[in-house]
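User: Please walk me through the salt bridges in this model. Short answers will do.

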Amino acid sequence: MVASMDRQITHSWIVLISTLLWAVVTPTTHAKVLVSREQNAVYHLDCATGLILCTPSAFSTLSSLESLGFDATSWRRLRTVAANSSRSANTKRHSWLPTHDSWHGVSSRGTTNLNPDPSEALQSLPRPVAARLSDLWQDRQRSKLDHVALQLELRSRDIDLPQTMQSVAALFGVRTSPPPDIVLIATTDSRRGSIGTRDTQFLFVESPRDDTGRNRLPVVAHEWTHHLFEQMSHRVADDLLNGFEQSHARCTTPAYHLLEEVIATAVGDGIVAASLYQSADDTAYRSTSESFYADPDIDAMAKAIVPLLTRQLSSGAPLDRKFAADYIALAEQVLGRRCADLQARMRMSAVVQSGPNFEAPYQLLRDRLEIRTALIDVVNDGDSNATALAQYRGLTGIVLSDVDSLHRLEGIADQPVRQALAAVANSQGAAVFAVPRNPHAEIYYIVGRNPAATALATVHFLAQKRERFSGWWLPLKGDSIPERDE
């Protein structure tokens, strides 16, 4: 926590903090491009403290700030808003929804769980920290950002980016959507690519050291597409989701999980980038591995979908079940057997802990399977009917429990399953049981005789199982599951 003497902020100190609110706005009738000292300072600290998806190498001064009195825990507390535990009734119309509130106002990545007003967090900073941030702002070349903002605005007009994004809006059945404001974030990174993210008000675009406005336009289009995707009309969402639900292809689940990121990437790095670069440059860009996106599946799918998406944009028609079928067929060609991998199937998934003792195996699952969005529920009172896994019948998930806590999972596992898990775990020390939910989803129960056995069984499970399966998997006899042979 910040020392009490730092809490007693004088009027002059408030004035000093308020200078972080300076901003330059490029004049435009379209999306505004902001160069804001306040937003840069907040982004820097959010990145350094792990609150947002960002380029950590460009914001590597946390240790020096802590030596000046910066408290990372206090900053995270002030910046984070309480998660909304209620789930929209709209999401119950479909079983495939991977987030609490469908695509409406929810982001699978970005800053949607952060307080949109950073003033309290900024005013909590000790004076030396604020002074250091002011120095960093100067080091990051405010004038350079002003120049990039102007170039971004001019090039946006040259290629008529607003018109392109209006066509993208039609894909999602969005008729009117004010263009979001774009905030440029100065970094010391020198790479051509950069990360973009967003909150409920702004699109944040990192600006590398040798940036030009042209280089950032694909990132802007990418994040703008996310912004529109989240406003998808219920009618379009219903038709699109029906197309996925009617599919029995092996790649249906991974293709669905990748859909939003693939479309955003195809718009930004495929369609918009093509209007910025010479034909030869664009061809070389497309042929380079992971040039669109730093994930091989998303990169390959985005490149494959550009022709399909271009035709859809030209038609002016929204996404529908036929688009879903064509998109899934592309996934079958591009991803192939990868679609059976647990890693591909669990990019968006639910993890249920039958109590508070399973944080270590949960983190291991997320790291090893590279789960991008996990709806995490900890069940302490037995009300497992309220979990995402119980509510969304099309969601693949993992349940972590020990034998003594199985009774808490009655909303997820019926009594015969719980009894079988208890019997095998008591006998063998631990076991994994996979139960299909439908052609697209399954639940993997990892249950140990005690929490330590559950954690160890999770380690062995991840080491041995690569693809989806159903039925029992038991650790090998030589495994050191606690107390298995007593």
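Analyst: A salt bridge here is a side-chain nitrogen of Lys or Arg within 4 Å of a carboxyl oxygen of Asp or Glu. The model is predicted.

User: How far apart are the closest N and O atoms of E260 and R198?
Analyst: The cut-off for a salt bridge is within 4 Å. E260 and R198 form such a bridge. Their closest N and O atoms are apart by 3.8 Å.

User: How many residues separate E260 and R198 along the chain?
Analyst: E260 lies in helix α12, residues 252-274. R198 lies in strand β4. The pair links distant parts of the chain, and the separation is 62 residues.

User: Which residue in helix α10 forms a salt bridge with R198?
Analyst: Helix α10 covers residues 213-229. R198 has its closest N–O contact with this partner at 2.9 Å. The two are 25 residues apart. The partner is E223.

User: Is R198 buried or exposed?
Analyst: Buried means under 20% relative accessible area. R198 has 2% relative accessibility, so R198 counts as buried.

User: Is D341 buried or exposed?
Analyst: D341 forms a salt bridge with R338, the closest N and O atoms being 2.7 Å apart. R338 counts as partly exposed because its relative accessibility is 26%. The relative accessible area of D341 is 17%, so D341 is buried.

User: Which residues do salt bridges that share partners join into one network with R338 and D341?
Analyst: R338 and D341 form a salt bridge. Shared partners extend the network to D295, D297 and R347.

User: How many salt bridges does the structure hold?
Analyst: The pairs above are among them, including R198 with E223. The structure's total is 19.

Technical notes
Residues numbered from 1 in each chain as written. Predicted model: local features only at pLDDT ≥ 70, side-chain atom pairs only at ≥ 80, totals over all residues. Heavy atoms only, no water. Helix = DSSP H or I, 4+ residues; strand = E, 2+ residues; numbered from the N terminus. Buried < 20%, exposed > 50% of the residue type's maximum accessible area, 1.4 Å probe, protein only.
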